[in-house]
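User: I am new to reading protein models and would like to understand how the terms are justified. Could you take me through some of them step by step?

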Amino acid sequence: MDHQKTPLFTALKQHAAAGPIQFHIPGHKKGLGTDNEFREFIGDNALAIDLINIAPLDDLHQPTGVIEEAQQLAADAFGADYTFFSIQGTSGAIMTMVMSVCSPGDKIIVPRNVHKSVMSAIIFAGAKPVFVSPAQDENLGIDHGITTSSVRRALERHPDAKAVLVINPTYFGVCAHLQEIVELAHSFHVPVLVDEAHGVHIHFHEELPMSAMEAGADLAATSVHKLGGSMTQSSVLNLNAKNGYINPQRVQTIISMLTTTSTSYVLLASLDAARRNLALHGHEMIRETLELAHDLRSKINEIPGLYSFGREILGGEATFDLDPTKVTIHVRHLGITGYETENWLREHYRIEVELSDMYNILCIITPGDTKESVDTLLAALRELSETYYKENNANELVVKIPEIPHLSLIPRDAFYADTEVIPFKESAGRIIAEFIYVYPPGIPILLPGEVISQSHIDYIVDHVEVGLPVKGPEDRYINQVKVIVEANPIF
C-alpha cells in the first residue's frame, strides 16, 4: 500500500482550503467564534480542521470513505487484518477488547496489575475476572508481566475462560514471552487480548520486542499518542482475524458504542499522519532513539547511587525481552524516594518524568528527544547524586505489595450494590464498592468486590503519607471509603 498517502488528513486540508460556509457544529466556525487568545495560540489551521462527520469527511462510526482508507493503511502498517481508530484513548480500545469477547458471567484471565480500564470494562460487561499474579522484581521493587506457566495454570483451572489479557510491554518496558503465551492460549481455543499501550513503536524495529500482531495475538490496544507521534487521546485497536476468534463487526459495534458521536477530526488526522511517519520513517527514527537511550543508560550507570537496568535482567520467565527506550532509574541508594526525585527534578531543572514510585523514576525516550534533552537529564542526575549520595545511605528495599485480595463479588454487582461510607482505617473485612489505584500507571490496589484487609489499609496509607498519587475513591483524601452494606458472595 502507498504509505505516502494520508487520506483523511488530506481530505481535511482540502475541505478547509475550499472555504466552506459552515452552518453546522462546532460553533466556533473555523475559530471565528473562539476566544481570541486561545485562537492565536492554537492557530487557524488546527481550528479549520476541527470538523464533524459531514459526508466528504466520512464517519468513524460507519466508515466507508477516507477514514476507512486511513484505517486500512494503518492495518497494513501494523501488520493487522483490521485497525480501528480510537479517539477515546487506549482506555477506550481496551474496553472494546474486553467487551467484544465477554458477556455477563463470562470469565476472563487478567494480570492483577491491569490498567483500571480493564476493570471498568469487566464491570460494564458483568464478567468475572480470574486474576494472575505478575512476577515481582525484588531487586527493583516493581512488577513485571505474567508468565507462561501462570497462564497455563489459570487455563487448566478455567478452560471456559473467554480470553486471556496480557500487558506487553509493561510500563517499565519488560516483556514476557508473548508468542509462547499466545500459542498456549490458542491451544485451549482461547483468544489473547494485549494491552500494548506502551508498544506502538516495537513493530517498526527488529531490535525491539515482538509486537502483539507479530506474536499472533487476536486484539491489541495500542497507544499511538504515547510513543508514535499522534496527539494525546488518539490510539488504535489492531485485530488479527486469521485465528477466527474475533468478529470484526462485533468490534466495530462495541467501539462505536463507547465512542462519542462528536468525533475529533484533529485527533483522527493526527493518527493518519503518525501512521505515515511510522511506516515511512519509523525504522530510522527508532534507530536514533535507541542510540540515545543506550547512551543515556550507560552514563546513568556511571553516576554514584543510580542504576538503570538493561538486558542483564533478562532470562527469567517474566523477563524475556526489553524495550530499552523505557529508562527506569533506581534511586534507592541515594536515600530518597522516587517521588522525592521527581519533585527535585521538577523544581531544579523543570524536568518532568513519566512516573515515580517508592524506589524508581521512569523516563521515556522517543523520537521527540534530542541529545540536548538527554544531556540536560544527565546533568540533573549528576547534581542529584552529588546532593544526596552517601556510602551505605540506601533506603531499605521493602516490597510491601499486599497479597491479591479475595474477590467476594463480581465487580459489577459490588459497584452497583447498596453501599455505605465508613472510615477507611476501620474498613478491614468489608467489601469495597469503588476503585483505589496508583496513577500513573493506573494499576488498581483494590477493586469493587474485593475484601479489604489490614495489609491493604497499611499499604495505601503508606503511599498516601509518602505523597504517591493514590486515586479512585470519591473521597480524594481516602479518609472514607465506600463499602457494600451486605451481599452473598459468589465464591
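Analyst: What follows is a short talk about the cavities and one sheet of this model, which is a predicted one.

User: What makes the largest cavity a cavity, and what is its volume?

Analyst: A cavity is a set of points where a 1.4 Å probe fits but cannot get out, and the largest cavity, with a volume of about 60 Å³, is therefore enclosed in that sense. The structure holds five cavities of 30 Å³ or more, and the second largest has a volume of about 50 Å³.

User: How do you know which element gives the most to the lining of the largest cavity?

Analyst: The lining includes Phe84, Phe85, Gln252, Ile255 and Ser256. Both β1 (82-86) and α10 (248-257) supply at least two residues of that lining, but α10 gives the most, with three residues.

User: How many charged residues are in the two linings?

Analyst: For the largest cavity the classes are four nonpolar, five polar and no charged residues. The lining of the second largest cavity, which includes His201, Leu227 and Pro367, has four nonpolar, four polar and no charged residues.

User: Why are β17 and β18 said to stand at the edges of their sheet?

Analyst: The open sheet has the order β17-β16-β18, with antiparallel pairing. β17 (443-446) and β18 (470-471) each have a single partner strand, so one side of each is left without a neighbour in the sheet.

User: What makes β16 and β18 a pair?

Analyst: Pairing needs at least two bridges, and β16 (residues 436-438) and β18 are joined over two bridges in the antiparallel sense, so they count as a pair. Tyr437 stands opposite Lys471 in β18.

Notes
Residues are numbered from 1 along each chain as its sequence is written. This is a predicted model: local features need pLDDT of at least 70, side-chain atom pairs count only at pLDDT 80 or more; totals for chains, interfaces and linings use all residues. Side-chain values use heavy atoms; hydrogens and water are left out. On a 1 Å grid over the protein atoms alone, a cavity is a set of points where a 1.4 Å probe fits but cannot get out, and a pocket is an open set with protein on both sides within 12 Å along at least five of seven lines; lining residues have an atom within 4 Å of a point. Grid points are joined across faces, edges and corners, and a volume is the space filled by probe spheres set on the points. Helices (H or I, at least four residues) and strands (E, at least two) are DSSP runs, numbered from the N terminus. Ala, Val, Leu, Ile, Met, Phe, Trp, Tyr, Cys and Pro count as nonpolar, Asp, Glu, Lys and Arg as charged, and the others, Gly among them, as polar.
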